[in-house]
Each structure stands twice: as C-alpha cells, then as structure tokens.
Amino acid sequence: MVETMKIAVKRVNTSRITEVDFTNIPFGKIYTDHMFMADYRNGEWNNFRIIPYGYMPISPATPALHYGQSIFEGMKAYRGPDGEALVFRPQDNWKRMNISAERICMPEIPEELFMESLATLIDLDRAWIPDTKGASLYIRPFMFSADEYIGIKPSESFTFMIILSPVGAYYSTPVKVRIETHYTRAAQGGTGYAKAGGNYGGAIYPAKLAQNKGYHQLLWTDAKTHEYIEESGTMNVMFVIDNVLVTPALSDSILAGITRDSVLQMARKWGMKTEERKVSVKEIIEGIESGKVTEVFGAGTAATIAPIELIGYNGKDYYLTPVEKREFSNKVLAELEGIKRGLKPDPFGWVVKM
Ligand SMILES: *Cc1c(COP(=O)(O)O)cnc(C)c1O
C-alpha cells in the first residue's frame, strides 16, 4: 500500500535545540524540531510529510475531540556508543498500535509506514537524542479520527503522526501504590487492552484521589469483583513469589506491555519459573505478611522497572523488601537498560538501529 513511500520533508529554518538545557529536561514538555504526519483518505494512507513541529489546524467537529477516537504508542530511543539511535522493539509497538486501531475502528498502519516514518524523523532530529546519562528520546506515535462530523459512527479519515520528546534520566525512586477496589480502569469487553485515549482520561480522577493520600499510583483490580490485581495504569505489575516470577495473565482489560514481555522472556532464559495467571489481592497481601512475596515492581517503557516500595490496601500500608535487597528486579533492570543502551549483548534481537 505504501510501497513507494515518499516522505516530503520541510525543514525548520532554525533549530530550537540551542534553547534546550539537556542537563535538566522536564518530562513531556520539550519537542524536537520536526513531526511526521500522514492522512488516511478514501481508504488509503497518503500525503506523507515531515514538517516543523507546531500547532496544526483541526476542525472543531473532529470526532477525536468529542468521542475519543484516538490511540497512541510510546517507545524510547537511546543514543548508542557510535551516535546511532537505538530503538527498543519498535515492531512490537507497530503491532500493538494496529491491535488498538482495530478496537477503535481505525485503519491499519502498514509496517513500512510506521518504520520508515520513524526512521526518517529520527534521522532528521538525531541531534535531539540526549547523550546525558540516563536520558533518552521519547517517541510518541498516535492516530486520531479526522472527519468533520459529529455523528457517532466509524470515521473515514484519520491522521497518523509521530512526535519526539527528549526526556531526562528516570530516577526509579520506589513507588507507593494503592490497591483500587472501587473505581475501574477497564472492564471485560471494554478497551483496556488498547492504548486508547479514553482509558487514560478516565483514570486521572481515581489516581488523583490516591495521590492526595500520598500514593504515586494505583494498582487496578478487575472490574467485576475487585479481587484480582490487573496492572498499574501505565505499567504492568510483576511479583516474585517463592522465587517464581508471577504476573497477571493478559486479558481484554490489561495492556500487553512490551517491557512485561521482555522481563518474562529474560527470566525464562535465566531458568527462572514464570507464571501468567490470576493474582488475587488476598494472595499478595498474605504473601507480603508471610514473607513469600519478596519483590513487586511495575514494568513499562518510562521507568523500565519501577520497584514498588509499599502497597496500600484497606487503609493499611504493607511494606516490601528494601529495594537494594531485591535480587531479581535489580538484575533485570541492569540487563534491560544495558541492552537498550547498546552496552550489553542483545541475544533477543530487540534493538533496532536507526
Ligand atoms: C503503555 C502501557 C503499559 C506498558 O507498556 P510498555 O510497552 O511496556 O511500555 C502498561 N499498561 C498500560 C495501561 C499502558 O498504557
């Protein structure tokens, strides 16, 4: 469909890069000089272009603004030892974006469109990949419906875009989470397995209530019984129980994280037993009290591995093993970060050089 993909490039006259203090980059506020755009019209993707990053006119009747027909992805590029961009498992983000697209009634994005636009944009804004320690270039592909029509129906026109944002080192300070037993992020039959805009808008209020009580994030439970742990909103959750790596099995209310999958693959390679199954709140709370649950962590692109320091449940805080004593989380974090940054061998072939 896009076999003869030609990307029209309009460069900025003057780069804004000199205005950026790369030693102190706030998350998600700084964008590179350029952005990629493509239009879906009459059943085809076309008008591939890279233009200066900036505001764009859209119709006030855009369904994405009214009904949330928008999906996104998130990945990171690191500056490799020879200045190349190292992108972690981008094909998996491409596949997942198409899973999200199907659920929201959006057209498929051909692999070439995703990968070529990404490579071309990164090449143009290569200087923006931070070389400060721990920093990276956050990549945000997204798609929204672009009809001018406020009826509710599958849209006919769409916009696919990629924007890039340098981000500073993520200090994985241990996270305090609260188990949510009232509000719901995603229900069976819903859109939880898609990276769809509305899932996140609806989660802000319950998360804010927990933040007011001193927690960083929620651990969501299943919508029906609130007895089983699901995930943490932008991270999947993983446990070490009796030396077994345990994580909730994927379902239509859990986002299939690429970090989650990477951790499972590495653990299996190291000969560790892994289980993807239902994980009850009861099992975790009792396991913390008895000492069987030795490690709990979030897994996601932003933090890679975010150690969970304590879990709040029914008004009580349950403390976990101090982070420095967590053998598996620390090992997997070091290994994954090493692979992503090109400092360690990549036996799984995860890193794509651009
Ligand atoms: C993006 C996301 C994750 C983590 O996925 P990664 O591919 O590892 O970044 C987990 N849960 C939700 C709800 C997410 O949106």
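Which domains give residues to the lining of the largest cavity, and where does that put it? Here are my notes on this predicted model.

1. Let's take the question straight away. Domain 1 (8-167) and domain 2 (175-340) each contribute residues to the lining of the largest cavity, so the cavity sits between them.

2. If you go looking for cavities of 30 Å³ or more, you'll find one in this structure. Its volume comes to about 80 Å³.

3. Who lines the largest cavity? Gly 74, Met 75, Lys 76, Tyr 78, Phe 88, Asn 93, Ile 258, Thr 259, Thr 301 and Lys 340 do. Two elements, β5 (75-79) and α6 (258-269), supply two or more residues to that lining. The top contributor is β5, which gives three residues.

4. As for chemistry, the lining of the largest cavity is a mix: four nonpolar, four polar and two charged residues.

5. Now for a single residue, Thr 247. You'll find Thr 247 in strand β12, which covers residues 244-248. Is Thr 247 buried or exposed? Its relative accessibility is 1%, and because buried means under 20%, Thr 247 counts as buried.

6. The side chain of Thr 247 has a polar partner worth a look: one of its polar atoms lies 2.6 Å from the backbone oxygen of Val 237. Val 237 also turns up among the contacts of Thr 247 once neighbours within four places in sequence are left aside. The others on that list are Met 238, Arg 260, Leu 264, Glu 275, Glu 276, Arg 277 and Val 279.

Terms used:
Residues are numbered from 1 along each chain as its sequence is written. This is a predicted model: local features need pLDDT of at least 70, side-chain atom pairs count only at pLDDT 80 or more; totals for chains, interfaces and linings use all residues. Side-chain values use heavy atoms; hydrogens and water are left out. Helices (H or I, at least four residues) and strands (E, at least two) are DSSP runs, numbered from the N terminus. Buried means under 20% relative accessible area, exposed over 50%, partly exposed in between (1.4 Å probe, protein chains only). A polar contact is a pair of N or O atoms within 3.5 Å; within protein, one must be able to donate a hydrogen and the other to accept it, and residues adjacent in sequence count only if both atoms are side-chain atoms. Contact means heavy atoms within 4.5 Å. On a 1 Å grid over the protein atoms alone, a cavity is a set of points where a 1.4 Å probe fits but cannot get out, and a pocket is an open set with protein on both sides within 12 Å along at least five of seven lines; lining residues have an atom within 4 Å of a point. Grid points are joined across faces, edges and corners, and a volume is the space filled by probe spheres set on the points. Ala, Val, Leu, Ile, Met, Phe, Trp, Tyr, Cys and Pro count as nonpolar, Asp, Glu, Lys and Arg as charged, and the others, Gly among them, as polar. Domain bounds come from an automatic or database domain assignment.
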